[in-house]
Amino acid sequence: MEKDLDRVVEEIISTPNVKGCLVADHQGLCLAAKGTAHVDSAGIIVAVSEQACKIEPNLKPPTVCLETDKKQCLIQRHGTITGAIFKQKD
Amino acid sequence: MGCCYSICHKDTDPQENVVNERTHLLEVTEQQQETPVPASSASTPPRKPDEQSALNRILHETATNVIDVGALGPYALEASAYSERVRVYSARVAGLAAAPAPPPRLLADLTHAERASMLSNPPLAFADKELITNAVKKAAAALSELRVKHLEDLVVPFRVP
């Protein structure tokens, strides 16, 4: 049933430097999470992407990048779902 | 009865001008008290001066009860009092400055230089943008293919006799 989604998540996490991946629906329900991405962060990630869509309504969709010195979190919305990728910096 | 009594005995009252519980709230002129008296009565002397004096008294009382701020003139402060206040106020300001710093905030403001350098940083790498865009697109496509497969009955009879 959700094998396709699992396969996509596996594929994403096998990308170099990617440590975690999360997919959530528009209400903040976690649909898939793998690696360092925690299921509980789904709601916050969706909220961040919603705010970004409000700030940049012309960008479809806006990409949010939260950065620290060593890590990076990329968030993007597509339709009703929001994806997040946790990356280790090069 | 008390009111009538006081009116009737006004002339003989030794405490006429003393304000007490018997004092009238409203000044009643002699003319009104003496009604009914024919207007043409020659025995009634004109009471104009009394009215005038009563009016003057009211004016005087009002003047003593009201503080005319505008007439007080500019507020002058003595030099000693002035320096004393300066000392007190500066002591208070110094006390406020020594107050404990506010607790650290999660999202603190950056200085202008830091902000400028941060905003002038190169934007998100194109590869990263491609990565997240493709990932989300694939996930959305995968989710659109999501179908509920019927595997077993939702309602299971327990064969309860």
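The legends below describe several close-up views of a predicted model.

Residues are numbered from 1 along each chain as its sequence is written, while chains are lettered from A and ligands numbered from 1 in the order in which they are written. In this predicted model local features need pLDDT of at least 70 and side-chain atom pairs count only at pLDDT 80 or more, whereas totals for chains, interfaces and linings use all residues; side-chain values use heavy atoms, with hydrogens and water left out.

**View 1. Strand E5 of chain A and its two antiparallel partners, E1(A) and E4(A).**
Helices (H or I, at least four residues) and strands (E, at least two) are DSSP runs numbered from the N terminus, and two strands pair if DSSP finds at least two bridges between them. Strand E5 of chain A, residues 81-88, is mostly covered, with 6 of its 8 residues buried; buried stands for under 20% relative accessible area, exposed for over 50%, and partly exposed for values in between (1.4 Å probe, protein chains only). Strand E1 of chain A (residues 18-24) runs antiparallel to E5(A) and is joined to it by 6 bridges, with Val23(A) standing opposite Gly83(A). Strand E4 of chain A (residues 71-78) is likewise antiparallel to E5(A), here through 8 bridges, and Leu74(A) is found opposite Ile85(A). The hairpin of E4(A) and E5(A) has 2 residues between the strands, and Gly79(A) takes a positive phi near 65° in this hairpin.

**View 2. The surroundings of Ile75(A) in strand E4 of chain A.**
With a relative accessible area of 2%, Ile75(A) is buried. Its C-alpha atom is separated by 6.6 Å from that of Ile85(A), a residue 10 places away along the chain. When neighbours within four places in sequence are left aside, the residues in contact with Ile75(A) include Ile45(A), Val48(A), Pro62(A), Val64(A), Leu66(A), Gly83(A) and, from chain B, Ile132(B); contact is taken as heavy atoms within 4.5 Å.

**View 3. Helix H6 of chain B packed against elements of chain A.**
The end C-alpha atoms of H6(B) are 27 Å apart, which agrees with the 27 Å that its 19 residues should span at 1.5 Å a residue, the expected span being 1.5 Å times one less than the number of residues. Among the buried residues of this helix are Asp128(B), Leu131(B), Ile132(B), Val136(B), Ala139(B) and Leu143(B). The buried residues of H6(B) pack against helix H1 (3-13), E1, strand E2 (30-35), strand E3 (63-67), E4 and E5, which belong to chain A. Asp128(B), placed in helix H6 of chain B, is buried at a relative accessible area of 9%, and, apart from neighbours within four places in sequence, Asp128(B) is in contact with Gln72(A), Leu74(A) and Lys87(A).

**View 4. Salt bridges of helix H1 of chain A, formed by Asp4(A) with Arg7(A) and by Glu10(A) with Lys34(A).**
A salt bridge is a side-chain nitrogen of Lys or Arg within 4 Å of a carboxyl oxygen of Asp or Glu, and the structure holds 8 of them over all chains. The side chains of Asp4(A) and Arg7(A) meet in one such bridge at 3.6 Å, N to O; because these residues are 3 apart in helix H1 of chain A, about one helical turn separates them. Asp4(A) is partly exposed, with a relative accessible area of 31%, and Arg7(A) is partly exposed as well, at 49%. The side chains of Lys34(A) and Glu10(A) meet in another salt bridge, at 2.7 Å, N to O. This pair links distant parts of the chain, since Lys34(A) lies in strand E2 of chain A and Glu10(A) in helix H1 of chain A, 24 residues apart. Lys34(A) is partly exposed at 34% relative accessible area, and Glu10(A) counts as partly exposed at 39% relative accessibility.

**View 5. The salt bridge between Lys89(A) and Glu67(A).**
The closest N and O atoms of Lys89(A) and Glu67(A) are 3.4 Å apart. The pair links distant parts of the chain, with Lys89(A) in the segment after E5 of chain A and Glu67(A) in strand E3 of chain A, 22 residues apart. At 30% relative accessibility Lys89(A) counts as partly exposed, whereas Glu67(A), at 51%, counts as exposed.
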